[in-house]
Amino acid sequence: MELSNLKIDKSIFEEMLRDRLSDDTIEILRIEHRCLSEKGLNFLSELYDVSIIYKSKKNTKTECSFNVIIKTEPTSGLSLEFLRRQNLFSIELRYARDILPRIAKLVHCQLGPHLYYGSLHPPVLIMENLKKKGYVLKNRQKGLQFEYCRLAIERIAKMHAGSLAIFEEDPQLIESFNEGGMVSQKSVEGLSQFAKSSLTRVSDQIQQWPYEWCASVAKKLVKLGATLREALNNLYDCDADEIRVLNHGDCWINNILFKENEKGQPIDLLMIDYQLALYTSPAIDLLHFLYVCPECDIKCDKDDYFVKLYLDTLKETMESIGCKRKPPTMEQLKAAMYKRRVYAVLVGLVFSLRMLADKEDIEDFEDVPDGGESKLDVFKNPYAVKMAQKMLPIMDANGYLD
């Protein structure tokens, strides 16, 4: 899609820059752009790297450039249908405009890119380009090392704590995010069929492996697939005494950008793509991150450490920003995660293994027929085999496959 098709008038860029740079003499000269969307990696959006070339009457001799990221709807097909059916563009716009700045002010750190301009008609977000500020994506196939995971867990906890504080001031704002997420009522039927098919293929594959646990785990996966619909349908339900926070909803590697020091160590991070944000148990973000993001060497082994780190950071942040509600206990938090264990199966065995595919093998939404049968061989990549062999026996031992 060309930017001209977005119906973004040049005056919008001019107004945005004049406000951002506090200079009402700015005049747009030209706009240059390139598409950033990659097959299978930007399922629900089109992304553009845009350079706005302008001049100011305060400096008539020099052309200046301002770089932004533009995000809009996918052009057509199942991705666009899914996005509109669940109203995801509106969710992300409201989160970026109404939530992120307030949480950042509360917890004294930026959580996501600054929003320069947002609109539903046309559907467009204009945001700062984080890569220009030194933030980088890590390799989705290798996963995150320990220090990166530690930093991410702390930031997720601060984000959740901030949402609790906002809820105490403006409950209707937070509760307005009570529909959506990856497993909404509008998507659960198709997602259940897709997940069932994927688990059956995993079951078929592991029966060929030479480990004692393979036969019993394979049977459990098939059985789980048959009951998946009901389990996913109740995924976001919370008991009266359960704590609820505003979840990011899609905590995978390509939605987390890190800044590193000269030694290559992580010193900061920002999260993007808040379109699946949802007000529900914090178990959703925790399970999503833990079963997708850590590298294989620490996958599942450090869960207790990371959950404790999350809880300690949540408690400390809630106290520092004056939350009235008490944080959950460790027992309550682990119970919430176990209650939603089917989500760990979904993100860990259905989505995560697909995310490890090489670029040439990645499968788009459009490549999956209506019946939900995927053609992607997730075990073509040896690292996916290694990851599954690490996760499956641990998930089984923890009762996540029952």
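Reader: Leaving aside neighbours within four places in sequence, which residues is Val-183 in contact with?

Author: Happy to start there, bearing in mind that this is a predicted model. Val-183 is in contact with Val-188, Leu-191, Leu-232, Leu-235, Tyr-236, Tyr-343 and Leu-346.

Reader: What is the general idea behind a nonpolar core, and which residues of the largest one touch the most other members?

Author: In soluble globular proteins, nonpolar side chains tend to be buried together. Here the largest nonpolar core has 119 residues, and those touching the most other members are Tyr-95, Val-183, Phe-289, Tyr-291, Leu-353 and Leu-392. Helix H4 (residues 146-169) gives the most to this core, 12 residues. There is also a second, separate core of 17 residues, with Ile-12, Leu-17, Val-50 and Tyr-54 among them.

Reader: Two of the contacts of Val-183 were Val-188 and Leu-191. Which residues of H6 are buried?

Author: Val-188 and Leu-191 are both on that list, which also includes Phe-194, Leu-199, Val-202 and Ile-206, along with serines such as Ser-192 and Ser-203. The buried residues of H6 pack against helices H7 (214-226), H8 (228-233), H12 (341-355) and H13 (382-397). As for its span, H6 (residues 188-206) reaches 26 Å from first C-alpha to last, close to the 27 Å expected.

Reader: How many disulfides does a search of the whole structure find?

Author: The search finds 0. A disulfide needs two cysteine sulfur atoms within 2.5 Å. For Cys-293, the nearest cysteine sulfur belongs to Cys-149, 6.9 Å away.

Reader: Why is Cys-300 without a bond to the closest cysteine sulfur?

Author: Because that sulfur, in Cys-296, is 8.8 Å away, too far for a bond. Cys-300 is buried, at 9% relative accessible area, and Cys-293 is buried at 0%.

Definitions and conventions:
Residues numbered from 1 in each chain as written. Predicted model: local features only at pLDDT ≥ 70, side-chain atom pairs only at ≥ 80, totals over all residues. Heavy atoms only, no water. Helix = DSSP H or I, 4+ residues; strand = E, 2+ residues; numbered from the N terminus. Expected span 1.5 Å × (residues − 1). Buried < 20%, exposed > 50% of the residue type's maximum accessible area, 1.4 Å probe, protein only. Contact = heavy atoms within 4.5 Å. Core = buried A, V, L, I, M, F, W, Y, C linked by side-chain atoms within 4.5 Å.
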